[in-house]
Amino acid sequence: MRLRLLAALFGAALVSTAIACEHGEALDASKMPENVRADYEVFAHKCSKCHSLARPLTANITDDEQWVLYVNRMRRQPGSGISPQDQEAILRFLRYYAADLRRIQAEKNGGAPVPAHQNQSVPVLTPATPAPPAPAPPASAVDGGAT
Amino acid sequence: MRSARFFLVALATFLFALAALIALATPASAIERNFAGSAQLDYHFVPTVRSAKAFPSTFDGFTMEFAGKLAVDFSERVSANMKVCYGCHGFEADMMYFDIRVADELNFRIGRFSPSFGAFNLRHDPANHRLSDKPLPYDMGRMLRMRQWNMSVLPSPFPDNGLEIDGTKWLGPSVQLDYAAYAVTGFKSDVRPLDIDFKLSRSPQAYYVDDNARPTFGGRMALTFKLGEASDLTLGASGMYGTYDPNNDQSYLIVGADATLRVDKTTIRAEYLGRRTELSTADRTLFKYVVADERGDFTMKHGAYFEVEHGLTSELDLIGRVDGMYRVGNVEAASELSRRSSVFRYTLGTAYAIERGLRIKFSTELWEFSDRDALTGRKLELSMHTALAGSF
């Protein structure tokens, strides 16, 4: 009985493995604008040190101010390895990502897409320096699975 | 002793009041809330025994654990974290604390939390480590013969009530320094104990009550070196000291050292933990061996692991791990352990991301015990894990 159960579990896992070839945890960086890719790589490397990338990517946070607080909290985690410069890059990517989430949500609600720059009143680390605007994402830049 | 405790309490109160004043002086923006959670269903199969009765205390079969966490940022300086988890010992408050930050370099953590110790602590959630079970020095319930060994060196997670002062500081562009110092309730036991009672220490009946009114003190310091754009090295050292019995007669000291190297998609982790635990020799008939007059009143438990994790593709990770424990000292009369006992485990596993936030984990473990099992006479055991772990 136990061997059969185990065999069934292995079978299910093999099927899942086949599916895994098509669905991963990370985003497809090749679909992103070139100026976002480097920021995404910093995000992917730093944020996968302690937890899976699914945590931030499925958090469904569309508010830039909330990302600032969130990433600040993560940066302060012991051994995070997230320097202030890394934090800038991570937030640039997350602003881009949040803008795309807002666009997808607006489309779902049948409203007009929200411009990427509309929700960027929050300074990252240095209040005197305005944060650079996030590049506007193309329609297919972020995998729709994020929502 | 009493004056030292008074001074400590007064100092903590002063620092907390100062931090609260500074934190409250910062105008709070909108309160931000973030909810996260994780779950893991694991099937643990031990094919080297015909019946699970051979391991009455091993979780041979399905185990389920899940956790929900709420993080609330009141402002840039004040936040709260609450995490409730369900696992082998029912519902438990894994986190319930406030962070009051004066600066990145000075943060006050107050409430219930896992004190900073070792490198694994941050990854203890099953969604955050790629194998089904934890490294042996931190293992709690999935270890074979866990009752004989009284679990690991420091079963993780180990939430406790108290105060932690911690901070982080970048020393130039490439080096990050982290520190933490804390005073917490500490582990517990009955009077005249032979070891720490981990079940009593976590018992919900005594969550808010210290058994001996004397805190356990500890700390951690770590340096993270940025070696390149996709590589870094963390070196850390931790320590914890306190008494665990109601009469404050028996003490424990836990020390640890850890190293984590990340190079692109490969992570190499090595960690050592050692625990010196004093035991009561009031009743010498309880022991298996004659109690030595010198150095006979304590045990040493060493534990270590070496782990390599490599991302073959963005969906598939390959993990190899060698871990073990070595215990030296007297044991209870009925124990199957010897004066010197060891266990080594060799693990090979994979983790597949079948969807964002959802992984299937496989692993096979070969166990090598120094003592024969009383029922089967076996020293070698084989076990397998299949698990589904998800996070959101």
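Helices, of at least four residues, and strands, of at least two, are DSSP runs numbered from the N terminus. The figures below show a predicted model.

**Figure 1. The helices of chain A.** In this predicted model, chain A contains 5 helices and 0 strands. Read from the N terminus, the order of its elements is α-α-α-α-α. Chain A has 147 residues, of which 52% count as buried. The surface that chain A exposes amounts to about 6,700 Å², and carbon and sulfur atoms supply 59% of this area. How do contacts in chain A between residues at least 6 apart in sequence divide by separation? Of these contacts, 67% join residues at least 24 apart.

**Figure 2. The largest nonpolar core.** This core has 34 residues. The members that touch the most other members are B:F117, B:Y138, B:M143, B:L154, B:F187, B:I254 and B:V343. Several elements of chain B each supply at least two residues of the core, namely β4 (90–103), α2 (146–149), β7 (175–184), β10 (251–263) and β15 (358–369). Another core, of 28 residues, lies apart from the one shown here, and its residues include A:Y40, A:C47, A:L53 and A:Y96.

**Figure 3. The surroundings of B:F117.** Which residues are in contact with B:F117, once its neighbours within four places in sequence are left aside? Among them are the aromatic residues B:Y138, B:F158 and B:Y182. B:F117 is also in contact with B:L154, B:M240, B:I254, B:V255 and B:L273. The contacts of B:F117 further include B:R220, B:S238, B:G239 and B:G256. B:F117 itself belongs to the largest nonpolar core, as do B:Y138, B:L154 and B:I254.

**Figure 4. The interface of chain A and chain B.** Chain A contributes 50 residues to the contact, and chain B contributes 54 residues. Between them the two chains bury about 4,700 Å², with 51% of that area on carbon and sulfur atoms.

**Figure 5. Salt bridges and polar contacts across the interface.** How many salt bridges are counted between chain A and chain B? The count is 5. In one salt bridge, the side chain of B:K226 meets that of A:D86, with a distance of 3.1 Å from N to O. In addition, 14 residue pairs are in polar contact across the interface, both residues being at pLDDT 80 or more. On the side of chain A that touches chain B, two or more residues come from each of α1 (2–20), α2 (34–47), α3 (54–57), α4 (64–75) and α5 (84–108) of chain A. The largest share of that side, 11 residues, is given by α1(A).

Conventions
Residues are numbered from 1 along each chain as its sequence is written. Chains are lettered from A and ligands numbered from 1 in the order in which they are written. This is a predicted model: local features need pLDDT of at least 70, side-chain atom pairs count only at pLDDT 80 or more; totals for chains, interfaces and linings use all residues. Side-chain values use heavy atoms; hydrogens and water are left out. Buried means under 20% relative accessible area, exposed over 50%, partly exposed in between (1.4 Å probe, protein chains only). Contact means heavy atoms within 4.5 Å. Accessible areas come from the Shrake-Rupley method with a 1.4 Å probe; for residues, only the protein chains shown count as cover. A nonpolar core is a set of buried Ala, Val, Leu, Ile, Met, Phe, Trp, Tyr and Cys residues joined through side-chain atoms within 4.5 Å. Buried area is the accessible area (1.4 Å probe) that two parts lose on being put together, summed over both. A salt bridge is a side-chain nitrogen of Lys or Arg within 4 Å of a carboxyl oxygen of Asp or Glu. A polar contact is a pair of N or O atoms within 3.5 Å; within protein, one must be able to donate a hydrogen and the other to accept it, and residues adjacent in sequence count only if both atoms are side-chain atoms.
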